[in-house]
Amino acid sequence: METQRTEAEPVGPLASFVRFVVCGGGVGVLSSAAVPLLALLMPWAAANAVITVASTILCTELHALFTFGTGGRAGLRRHLQSAGSATAAYVVTCAAMVVLHSVQSSPSLAWEQAVYLGASGLAGIGRFLVLRLFVFAGRKETRAVAVRPVHGGRVHHGDLLLAR
């Protein structure tokens with residue numbers, strides 16, 4: 001017996017944004033704890049890269065299953081698109097820090113945090129929009145309509161099923 005996989009009910013924009021923040025924030029907190037632990041075994045940059053890749057894969061699966069309610073796992077195409085949006089977000093936060101350090105040679109920790117968190121927030125909103133509108137956008141639903149064969153060459157009004 002064959003089972004048919006169907007798309008899950010779409011999640012509204014506000015609910016999916018809350019889920020995006022919870023999933024991404026939760027994984028972000030775990031990642032921030034994992035990087036220094038892994039850095040005990042390897043250089044910090046390598047540990048950060050490993051955790052970034054792992055957390056992006058985990059978040060993409062969570063977003064597919066929970067945040068955007070696609071009804072299934074992410075698949076390679078969505079993972080690659082999500083990685084692209086994560087890379088763009090990374091570039092935005094790095095650029096913000098470069099701009100800060102070019103404007104102020106020795107910014108305080110508070111300024112660095114404010115700029116980084118602001119850039120991260122804007123990048124996160126942009127990433128949410130890209131994921132919702134492009135990566136995890138639901139397909140247009142099509143319905144199958146039953147068609148009766150017409151016999152004898154003449155078509156009567158009752159033989160036609162008009163579009164609804």
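Me: Looking at contacts with a separation of 6 or more, what share comes from residues 24 or more positions apart?
Reply: They account for 60% of those contacts in the chain. A contact means heavy atoms within 4.5 Å.

Me: Ok, ground rules before I go on?
Reply: This is a predicted model, where local features need pLDDT of at least 70 and side-chain atom pairs count only at pLDDT 80 or more, while totals for chains, interfaces and linings use all residues. Residues are numbered from 1 along each chain as its sequence is written, and side-chain values use heavy atoms, with hydrogens and water left out.

Me: How many helices and strands?
Reply: Four helices and zero strands. Along the sequence the pattern reads α-α-α-α. Helices (H or I, at least four residues) and strands (E, at least two) are DSSP runs, numbered from the N terminus.

Me: And what percentage of the chain is buried?
Reply: Buried residues make up 24% of the 164 residues. Buried means under 20% relative accessible area, exposed means over 50%, and partly exposed is in between (1.4 Å probe, protein chains only).

Me: Switching to pockets. What volume does the largest pocket have?
Reply: About 1,500 Å³. A pocket here is an open set of points on a 1 Å grid over the protein atoms alone, where a 1.4 Å probe fits, with protein on both sides within 12 Å along at least five of seven lines. Lining residues have an atom within 4 Å of a point. Points are joined across faces, edges and corners, and the volume is the space filled by probe spheres set on them.

Me: Which residues are closest to its centre?
Reply: G24, G28, S55, Y116 and S120, out of 42 that line the largest pocket.

Me: Which helices supply the lining?
Reply: Helix 1 (13-38), helix 2 (44-67), helix 3 (75-103) and helix 4 (109-135) each supply at least two residues. Helix 2 gives the most, with 13 residues.

Me: How does the lining divide by residue type?
Reply: 24 nonpolar, 17 polar and one charged. Ala, Val, Leu, Ile, Met, Phe, Trp, Tyr, Cys and Pro count as nonpolar, Asp, Glu, Lys and Arg as charged, and the others, Gly among them, as polar.

Me: Back to helix 2. Which residues are buried there?
Reply: A47, I51, S55, T56, C59, T60, E61, H63, A64 and T67. Their cover includes helix 1, helix 3 and helix 4.

Me: What about A49, buried or partly exposed?
Reply: A49 is partly exposed, with a relative accessible area of 41%. A49 sits in helix 2. Its C-alpha is 8.9 Å from that of V35, 14 residues away along the chain.

Me: What comes just after helix 2?
Reply: G69, which takes a positive phi of about 55°.

Me: How many aromatic pairs?
Reply: Four. Rings of Phe, Tyr and Trp (its six-membered ring) pair if their centres lie within 6.5 Å; planes under 30 degrees apart count as stacked, over 60 as edge-to-face and the rest as tilted. F17 and F128 are edge-to-face, at 5.0 Å centre to centre and 85° between the planes. F17 is in helix 1 and F128 in helix 4, 111 residues apart.

Me: Any numbers on their exposure?
Reply: F17 is partly exposed at 29% relative accessibility. F128 is buried at 6%.

Me: How do F68 and F136 pair?
Reply: Stacked, 5.2 Å centre to centre, with 15° between the planes. F68 lies in the loop between helix 2 and helix 3 and F136 in the segment after helix 4, so the pair ties together parts 68 residues apart in sequence. Both F68 and F136 are buried.
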